Amino acid sequence: MKHRILIFCLLFSSAVFAQRSTEQKSVSDSAEGSALFRVEYAAQVPIGDYASRFGFTSHIGASAGYRTKSNWIFTLGGYYVFGNDVIDKNTLLESMTNSSNLIITSGGEQAFINISQQGYLVNFSVGKIFPWLAPNPNSGFMFTLGGGFMEHWIGIRAEGNNVPQLLGDYKKGYDRLTNGIILQQFIGYHFQGSTRLLNFYGGFEFTQGFTGNRRSYDIPTMGVTDEDYIDVLFGFKVGWMMPFYKRNKNQYYYY
């Protein structure tokens with residue numbers, strides 16, 4: 001009896017292993033449509049009007065999309081924009097300093113203020129994966145085009161929130177809120193393996209923003225800034241993906 005149980009277990013294990021191998025092969029050896037969830041980070045360098053306000057910029061966020069059997073890819077994403085390099089950080093709050101070059105809180109103490117870049121963007125992109133030099137038909141060089149909306153501003157935060165000049169609507173006079181539509185292009189490599197863990201992409205991303213100032217008054221310059229900008233960013237973008245393959249009644253995929 002024990003020998004029969006052992007033989008049954010060995011045969012069952014062999015069948016499961018063979019089935020899993022076949023299923024993994026089916027994913028690796030043929031192009032399969034799949035929904036994609038992606039977590040992404042981009043390191044960006046600004047040029048043009050953007051570079052006159054900010055330096056090195058980071059984008060972090062997520063997107064959801066779908067890759068067809070013919071390797072077209074459609075995605076919708078949202079990203080948080082941030083950075084510590086604000087070009088005129090040292091002069092932005094000059095009008096608030098006293099004779100000792102200090103900003104004083106409502107309690108008569110020295111204020112400690114953090115100034116940074118803040119923002120967000122949302123985009124939609126369409127692209128194509130070409131399985132050149134790729135280990136399977138689901139991977140290859142990827143080219144995408146997209147567009148969306150971007151908004152950024154100077155983030156000003158006083159520790160303790162006790163600087164009267166930076167409370168309520170007064171802060172809006174310093175943040176230089178800017179937004180507008182964007183165009184984006186990406187060229188890189190997309191790798192989609194036979195498991196959910198080993199799936200990634202990386203490459204170069206280019207962004208062109210057609211933006212404008214949205215504040216009616218700028219306190220540091222004591223004037224109205226009604227300007228349009230061309231914000232350009234370029235850099236490297238990487239992401240990790242989790243694919244969800246469509247199941248049918250005759251075939252299942254093992255992750």
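In what order do the eight strands of the closed barrel run, and is their pairing parallel or antiparallel? With the whole chain displayed, follow the strands around: the order is S1-S2-S3-S4-S5-S6-S7-S8, and the pairing is antiparallel. The model on screen is a predicted one.

**The whole chain**

Colour the chain by secondary structure. Two helices and eight strands appear, and reading along the sequence gives the pattern α-β-β-β-β-β-α-β-β-β. Colouring by accessibility instead shows that 42% of the 255 residues count as buried.

**The barrel wall**

Keep the strands of the barrel in view. Ignoring direction, neighbouring strands in this sheet are turned against each other by 25 degrees on average. Next, select S1 and S2, an antiparallel pair joined by 11 bridges. For one register point, pick alanine 42, whose bridge partner in S2 is histidine 59.

**Salt bridges**

Now show the charged side chains. Seven salt bridges are present in the structure, and three of them merit a stop.

Begin with arginine 38 and glutamate 40, whose side chains form a salt bridge with an N to O distance of 3.2 Å. Both of these residues are buried.

Move on to arginine 53 and aspartate 231, where the N to O distance of the salt bridge is 2.5 Å. Arginine 53 sits in the loop between strand S1 (34-48) and strand S2 (57-67), while aspartate 231 belongs to strand S8 (residues 228-245), so this pair ties together parts that are 178 residues apart in sequence. Arginine 53 and aspartate 231 are both buried.

Then select arginine 176 and aspartate 218, a salt bridge in which the closest N and O atoms are 3.0 Å apart. Arginine 176 is in the loop between helix H2 (172-175) and strand S6 (178-192), and aspartate 218 is in the loop between strand S7 (199-213) and S8; the pair therefore ties together parts 42 residues apart in sequence. Aspartate 218 counts as buried because its relative accessibility is 6%, and the cut-off for burial is under 20%. Add Asp88 to the selection: salt bridges with shared partners join Asp88, Arg176 and Asp218 into one network.

**The largest cavity**

Switch to a display of internal voids. Five cavities of 30 Å³ or more are counted, and the largest holds about 160 Å³ of space. Which residues lie nearest the centre of the largest cavity? Select Arg38, Ser125, Thr144, Phe186 and Lys237, which lie nearest the centre among the 16 residues of the lining. Arg38 has already been visited as the salt-bridge partner of glutamate 40.

To see where the lining comes from, highlight strand S3 (72-83), strand S4 (113-130), strand S5 (140-158), S6 and S7, each of which supplies at least two residues. S5 gives the most to this lining, with four residues. By class, the lining of the largest cavity comprises six nonpolar, seven polar and three charged residues.

**The largest pocket**

Finish at the largest pocket, which contains about 260 Å³ of space. Select Lys89, Asn90, Leu93, Thr97 and Ile103, the closest to the pocket centre of the 14 residues that line it. Colouring this lining by class gives seven nonpolar, five polar and two charged residues.

Notes. Residues numbered from 1 in each chain as written. Predicted model: local features only at pLDDT ≥ 70, side-chain atom pairs only at ≥ 80, totals over all residues. Heavy atoms only, no water. Salt bridge = Lys/Arg side-chain N within 4 Å of Asp/Glu carboxyl O. Buried < 20%, exposed > 50% of the residue type's maximum accessible area, 1.4 Å probe, protein only. 1 Å grid on protein atoms, 1.4 Å probe; cavity = no way out; pocket = protein on both sides within 12 Å on 5 of 7 lines; lining within 4 Å. Points joined across faces, edges and corners; volume = space filled by probe spheres on them. Nonpolar A, V, L, I, M, F, W, Y, C, P; charged D, E, K, R; others polar. Pairing = 2+ DSSP bridges. Axes fitted to C-alpha atoms, helices over the stretch in contact; angles between N-to-C directions.
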